[in-house]
Amino acid sequence: MRAAQITTLDGPSAVRVTEVDEPCGGDGTVVIDVHAAGVTFPDLLQTRGLYQYRPELPFVPGTEVAGVVRSAPDGVPVRAGDRVAAFPGIGGFAETVAVRADAVFGIPDTVSFVTAAALPMNYLTVHFALTRRGGLREGETVLVHGAGGGVGTAAVQLASALGARVIAVTSSPGKGEVARRAGAHDVVAPDDFRAAVKDLTGGSGVDVVVDPVGGDRFTDSLRCLAPEGRLLVIGFTAGEIPTVKVNRLLLNNISVVGVGWGAFWATRPDYLRRQWAELRPLVERGVLDPPIGATYPLDDVTTALTELDTRSAKGKIVLAVR
């Protein structure tokens, strides 16, 4: 089968489309013929060996896919011929992938493979972040950094669907428009977001900050929090891992909350299906509909990854495999 491989740790240019052996399945896995694969920031990090999971070279990246089940073991909720989304964690940039059964989810017939491939990583992560780790309540206000990207738009959509007011932080007007279409009520620029939040909230601050960016905006994010506010640490796309002076947390009764979705469900595999059961009705109604910034053929995987690398992506980037 055709697949995109990381052959050296030299960035997106190190990815090559080549022929590799098909997965054989077994061990309770579901074999899926991949039609589309989502492109995520961990995929980009893996091209430089910067992600915490470092497979032996060469390897096929790709954390999320959508396609048709070729084969499935007895006793699982999907069967051959079903349309599914899945979270393989690795190996998704290929024509066929084998995925543990608890990370495979049936999708509505009305949802395209491109849309479905944009759901597993980002939407399950922000669902975990907002509902379990952040305890988001209807009527609260949420500030979302990087709101024009894949994780950001997912956070904007889900927070809005859960009844929150959403303030989006984006680096350009184009990304701001993507965030508005995703459901943001207000859009502000990174340079003056603290002052903008103060004005928009009448000085009271926000209840939750969703931060997949990190870097030098972290301290001002803490200063934006209302009493008992929560800052959700999802990632560090800015590259720098920030530090916090814990006296800020004490004085203002605020919290910095880690969001390690993968580490959490790794020992609770049934949690993924519970998440999907909550999200699927919103997907069916079109409430959750990932904004697709671009779709590239598998042969253009380097271009797709470079869009993330240069921060030029507006919405979700997807590979069309079939």
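A residue counts as buried when its relative accessible area is under 20%. By that cut-off F264, at 14%, is buried. The model is predicted. This briefing covers aromatic pairs, charges over rings, helix packing, two strand residues and some backbone features. Seven aromatic pairs turn up in a search of the whole structure.

**Aromatic pairs**

- The ring centres of F128 and F264 are 4.9 Å apart and the ring planes stand at 35°, so this pair is tilted. Planes under 30 degrees apart would count as stacked, and planes over 60 as edge-to-face.
- F128 belongs to helix 3 (residues 120-133) and F264 to helix 9 (residues 261-265), so the pair ties together parts that lie 136 residues apart in sequence.
- F128 is buried, because its relative accessible area of 2% is under the 20% cut-off.
- F264 also pairs with Y271: the centres are 5.0 Å apart and the planes are at 75°, so the arrangement is edge-to-face.
- Y271 has a relative accessible area of 6% and is therefore buried.
- F87, W261 and W265 form a cluster linked by ring pairs.

**Charges over rings**

- The charged end of R268 is placed over the ring of F264, at 4.0 Å from the ring centre.
- R83 lies over the face of F113, and the distance to the ring centre is 4.5 Å.

**Packing of helix 3 against helix 4**

- Helix 3 packs with helix 4 (residues 150-161) at an angle of about 55°, and their axes are 9 Å apart. Helix 3 is therefore oblique to helix 4.
- The two helices, helix 3 and helix 4, cross in a right-handed sense.
- On the helix 3 side the contact residues are N122, Y123, V126, H127 and L130. On the helix 4 side they are G150, V151, T153, A154, A155, Q157, L158 and A159.

**Packing of helix 4 against helix 5**

- Helix 4 and helix 5 (residues 173-182) have axes that come within 8 Å and cross at roughly 30°. That angle makes helix 4 roughly parallel to helix 5, because angles under 35 degrees are classed that way.
- The crossing of helix 4 and helix 5 is right-handed.
- T153, V156 and Q157 of helix 4 meet V178, A179 and A182 of helix 5.
- T153 and Q157 are among the helix 4 residues that meet helix 3, and T153 and Q157 are also among those that meet helix 5.

**Packing of helix 3 against helix 10**

- The axes of helix 3 and helix 10 (residues 270-284) are 10 Å apart, and the packing angle is about 90°. Helix 3 and helix 10 are therefore roughly perpendicular to each other.
- Helix 3 contributes Y123, L124, H127, F128 and R132 to this contact, and helix 10 contributes Y271, L272, Q275, W276, E278 and L279.
- F128, the partner of F264 in the tilted pair, is among the helix 3 residues that meet helix 10. Y271, which pairs edge-to-face with F264, is among the helix 10 residues there.

**Two strand residues**

- V208 is located in strand 11 (residues 206-211). V208 is buried, with a relative accessible area of 1%.
- Beyond its neighbours within four places in sequence, V208 is in contact with L130, L136, E140, T141, V142, L143, L225, R230 and L232. L130 is also one of the helix 3 residues that meet helix 4.
- V208 and A195 are 13 residues apart along the chain, and their C-alpha atoms are separated by 16 Å.
- E228 is in strand 12 (residues 225-233). Its relative accessibility is 62%, so E228 counts as exposed.
- Not counting residues up to four places away in sequence, E228 touches N252, N253 and I254.
- Between E228 and S172 there are 31 Å from C-alpha to C-alpha, and the two are 56 residues apart in sequence.

**Backbone features**

- Most residues other than glycine have a negative phi, and most peptide bonds are trans.
- E228, although not a glycine, has a positive phi of about 65°.
- R311 is not a glycine either, and has a positive phi of about 60°. R311 lies in the loop between helix 11 (301-309) and strand 15 (316-320). At 39% relative accessibility, R311 is classed as partly exposed.
- The peptide bond from L57 to P58 is cis, and its omega is near -15°. P58 is in the loop between helix 1 (41-46) and strand 4 (64-71).

Technical notes:
Residues numbered from 1 in each chain as written. Predicted model: local features only at pLDDT ≥ 70, side-chain atom pairs only at ≥ 80, totals over all residues. Heavy atoms only, no water. Phe/Tyr/Trp six-rings, centres within 6.5 Å; stacked < 30°, edge-to-face > 60°. Buried < 20%, exposed > 50% of the residue type's maximum accessible area, 1.4 Å probe, protein only. Lys NZ or Arg CZ within 6 Å of the ring centre and 35° of its normal. Axes fitted to C-alpha atoms, helices over the stretch in contact; angles between N-to-C directions. Parallel < 35°, antiparallel > 145°, perpendicular 65-115°, else oblique. Left-handed = near helix turned anticlockwise from the far one by under 90°. Contact = heavy atoms within 4.5 Å.
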